[in-house]
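Let's take a walk through a protein chain together. Have a look at the model first, and then we'll go from one residue out to the whole fold.

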Amino acid sequence: GTFMRNNTCVTQMLSTYARRPGSVSSLKECLGEVLSDIAASDQSLEVNPLKVYMELINDFETEHGVTCELPRNVSMDQAAKHPEVILRTEQRFNKLKDVMDRLIKALSRGVPDMLYGVRWLCKQLDTMARQKFGDPKDPPSPNHQEMNRQNIKKHEDDDEAPVKENEIKEHINASDETREKIKEPIVCFSGDGEGKEGEKKDVPSSDRKALEEDTSHDGGYSGTCATEKQITAIVCGFLVLRFINPMILAPDSSHLISTTVTKVARRNLMLIAKIFQTLCNGIEFGTKEFFMKPLNGFMD
């Protein structure tokens, strides 16, 4: 679903509720040390080959006081093949993995300290998502699977006008998927797996393609029911997109840290938030940001 990415009355209320002083204090307890270390470091974690390539030129000219002979008008592919760029990006990818590992472990330890209301909302979102899109732990019967596939096939010819790509409202992009729209909802049946007729459910068009293609969930069933990754993504739309990531992006203004955040540190925080959101969305980096693909194995 995409409802958490829209600035509606409901999402704004959830954001305001999640950022109460008590919630911020609990987040400060578990993430304060990690974010302070990031803010205090002057080491760039930039992995965009073009930006790293320009860093080489700037560093050379700053150190030697003469113009660098490296050509400036190069493509992304040309920059990515430079030996020094390769070395720097490899080192930075390793550093990003270390930071993400610390971040995830810190959040895992801090779950019991999060306010009950925030955890209760996450539980309700999980429950409602399973009721709306089907529970992957209780997939439809084989007959209903075939009916659902036929319903999806029936609407394929209606996909004519693409919808604009959704952008995260809290400063970062959550996904590089292009959403499509259809004229009618797709009917999804959920059952008990024993051949009994289940309940009809409308699957929004924004989730149709993902529901068809994703076969990596724990339930072993694919095609017409939400996956565990998709259920988690809905919950994380509130917990991460609306609560944790805005704090990561601006820990100084959120009073999680007392250190002044430099321009380099702000960019580092942006990269970390982007990786974290992509991880929580259950997707991988694709062609839009192909230079981030080395992190896909880590996120698996």
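**Starting from one leucine**

Leu35 has a relative accessibility of just 1%, so it counts as buried, since the cut-off for buried is under 20%. Keep in mind that you're looking at a predicted model. You'll find Leu35 in helix 2.

So who are its neighbours? Leaving aside residues up to four places away in sequence, Leu35 touches Met247, Ile248, Pro251, Leu256, Ile257 and Leu269. Look at those numbers next to 35, and then try Asp252: this residue sits 217 residues along the chain from Leu35, yet the two C-alpha atoms are separated by 9.5 Å.

Now zoom out to the helix that holds Leu35. Helix 2 covers residues 21–40, and helix 9 covers residues 228–249. Their axes come within 11 Å and cross at roughly 45°. That angle makes the two helices oblique to each other, because it falls in neither the parallel, the antiparallel nor the perpendicular range. The crossing of helix 2 and helix 9 is right-handed.

Which residues do the touching here? From helix 2 come Ser23, Val24, Leu27, Leu31 and Leu35, and on the helix 9 side they meet Phe243, Ile244, Met247 and Ile248. Sort the residues of this contact by type and you get 8 nonpolar, 1 polar and no charged.

Helix 9 has another partner to check out. Helix 1, residues 9–18, packs against helix 9 at an angle of about 70°, and the axes are 9 Å apart. Helix 1 is therefore roughly perpendicular to helix 9, as angles from 65 to 115 degrees count that way. This crossing, too, is right-handed.

In this second contact, Thr11, Leu14, Ser15 and Ala18 of helix 1 meet Phe238, Arg242 and Phe243 of helix 9. The mix here is 4 nonpolar, 2 polar and 1 charged. Phe243 is worth finding on your screen: it appears in the contact with helix 1 and also in the one with helix 2.

Finally, step back to the whole chain. There are 11 helices and 2 strands, and read along the sequence they go α-α-α-α-α-α-α-β-β-α-α-α-α. Of the 300 residues, 46% count as buried. Among contacts with a separation of 6 or more, 71% link residues 24 or more positions apart. As for the outside, the chain exposes about 15,900 Å², and carbon and sulfur atoms supply 50% of that.

Definitions and conventions: Residues numbered from 1 in each chain as written. Predicted model: local features only at pLDDT ≥ 70, side-chain atom pairs only at ≥ 80, totals over all residues. Heavy atoms only, no water. Helix = DSSP H or I, 4+ residues; strand = E, 2+ residues; numbered from the N terminus. Buried < 20%, exposed > 50% of the residue type's maximum accessible area, 1.4 Å probe, protein only. Contact = heavy atoms within 4.5 Å. Areas by Shrake-Rupley, 256 points an atom, 1.4 Å probe, with all protein chains shown as cover. Axes fitted to C-alpha atoms, helices over the stretch in contact; angles between N-to-C directions. Parallel < 35°, antiparallel > 145°, perpendicular 65-115°, else oblique. Left-handed = near helix turned anticlockwise from the far one by under 90°. Nonpolar A, V, L, I, M, F, W, Y, C, P; charged D, E, K, R; others polar.
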